[in-house]
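Student: I am new to this structure and would like a close look at a single part of it. Please choose one stretch of the chain, describe it carefully, and then show me how it sits within the rest.

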Amino acid sequence: MRFFYFLLAYVSAYASDYTWSTLHASTSDPEVLKRTVSDYRENFPCLDCREHFEWLVSTHPFPLEYVRTPADARVWTWLTHNLVNIRLNKTWESFDIMTQCTEEHFQ
Ligand SMILES: Cc1cc2nc3c(=O)[nH]c(=O)nc-3n(C[C@H](O)[C@H](O)[C@H](O)COP(=O)(O)OP(=O)(O)OC[C@H]3O[C@@H](n4cnc5c(N)ncnc54)[C@H](O)[C@@H]3O)c2cc1C
């Protein structure tokens with residue numbers, strides 16, 4: 001029984017990891033990014049964020065279907081994160097931040 005609760009906690013924690021860090025880390029393979037985006041569109045826990053993300057992806061200035069390389073994928077997540085930053089009155093970050101972001105995720 002204790003193992004069941006451990007498993008449930010582990011799966012819940014993993015399943016609720018809908019963060020920028022996870023999205024930025026999925027850019028080494030464009031197909032993985034597309035699957036991750038699809039998961040976020042369906043399951044992002046915050047409803048308002050999910051509806052906005054759904055709208056953003058469907059009206060995106062860099063359509064997801066044009067993302068073909070890991071470099072494209074990095075630009076896509078950086079731009080998307082900035083478009084959400086703008087919506088939340090946060091700072092527009094330079095692309096240089098992507099190096100820091102990916103390094104932090106893999107540490
Ligand atoms: C897909 C998605 C959609 C979201 N939509 C909403 C929403 O509609 N409404 C809402 O209230 N919240 C939304 N959020 C949450 C929101 O974006 C922040 O994650 C949250 O407010 C916590 O902010 P934070 O200050 O910790 O920094 P975060 O925005 O979470 O950023 C974490 C770190 O990433 C780095 N970073 C910042 N900008 C960039 C960039 N452009 N590229 C790369 N790295 C960057 C910085 O080092 C920053 O400290 C969304 C999150 C995600 C993952």
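**Helix 5 and the loop after it**

Tutor: Just after helix 5, the residue N89 takes a positive phi of about 60°, and N89 does so although it is not a glycine. Most residues other than glycine have a negative phi. Please keep in mind throughout that this is a predicted model, so that every value here is read from predicted coordinates. N89 lies in the loop between helix 5 and helix 6, and N89 counts as exposed because it has 6 C-beta neighbours inside 10 Å, where 12 or fewer is the limit for that class. F95 is found in that loop between helix 5 and helix 6 as well, and F95 is also exposed, because 11 other C-beta atoms lie within 10 Å of its own. Looking back along the chain from F95, we find N82 at 13 residues apart in sequence, with 9.8 Å between the two C-alpha atoms.

N82 leads us to the ligand, since N82 is among the residues that come nearest to the ligand, together with C49, H52, H81 and E93, out of the 21 residues around it. The elements that give two or more residues to this shell are helix 2 (20-25), helix 4 (47-58), helix 5 (70-87) and helix 6 (97-106), and helix 5 contributes the largest share, six residues. Sorted by class, the shell around the ligand holds 12 nonpolar, six polar and three charged residues.

Helix 5 itself has 18 residues and reaches 26 Å from its first C-alpha to its last, which is close to the 26 Å expected at 1.5 Å a residue. Its buried residues are A73, R74, W76, T77, W78 and T80, and two of these names, A73 and W76, return in the largest nonpolar core, where they are joined by L33, V37, Y40 and V67 to make six residues in all. The elements that give two or more residues to this core are helix 3 (30-43) and helix 5, and the largest share, three residues, comes from helix 3. If we follow W76 a little further and leave aside its neighbours within four places in sequence, W76 is in contact with F62, L64 and V67.

Stepping back to the whole protein, we can place this part among six helices and zero strands, which follow one another along the sequence in the pattern α-α-α-α-α-α. Buried residues make up 14% of the 107 residues in the protein. Among the contacts with a separation of 6 or more, 53% join residues that are 24 or more positions apart.

A last point concerns how far the prediction can be trusted from place to place. The protein averages a pLDDT of 86, and 79% of the residues score at least 70, but the elements are not equal in this respect, for helix 5 has the highest mean pLDDT (98) and helix 1 (residues 2-15) the lowest (46). Over residues 3-14 the pLDDT is below 50, and beyond near neighbours in sequence this stretch has zero contacts in the model. Where pLDDT is low, the predicted coordinates should not be read in detail.

Conventions: Residues numbered from 1 in each chain as written. Predicted model: local features only at pLDDT ≥ 70, side-chain atom pairs only at ≥ 80, totals over all residues. Near = placed C-beta within 6 Å. Helix = DSSP H or I, 4+ residues; strand = E, 2+ residues; numbered from the N terminus. Nonpolar A, V, L, I, M, F, W, Y, C, P; charged D, E, K, R; others polar. Expected span 1.5 Å × (residues − 1). Buried ≥ 20, exposed ≤ 12 C-beta atoms within 10 Å, placed from the backbone. Contact = placed C-beta atoms within 7 Å. Core = buried A, V, L, I, M, F, W, Y, C linked by C-beta atoms within 7 Å. pLDDT = per-residue confidence, 0-100.
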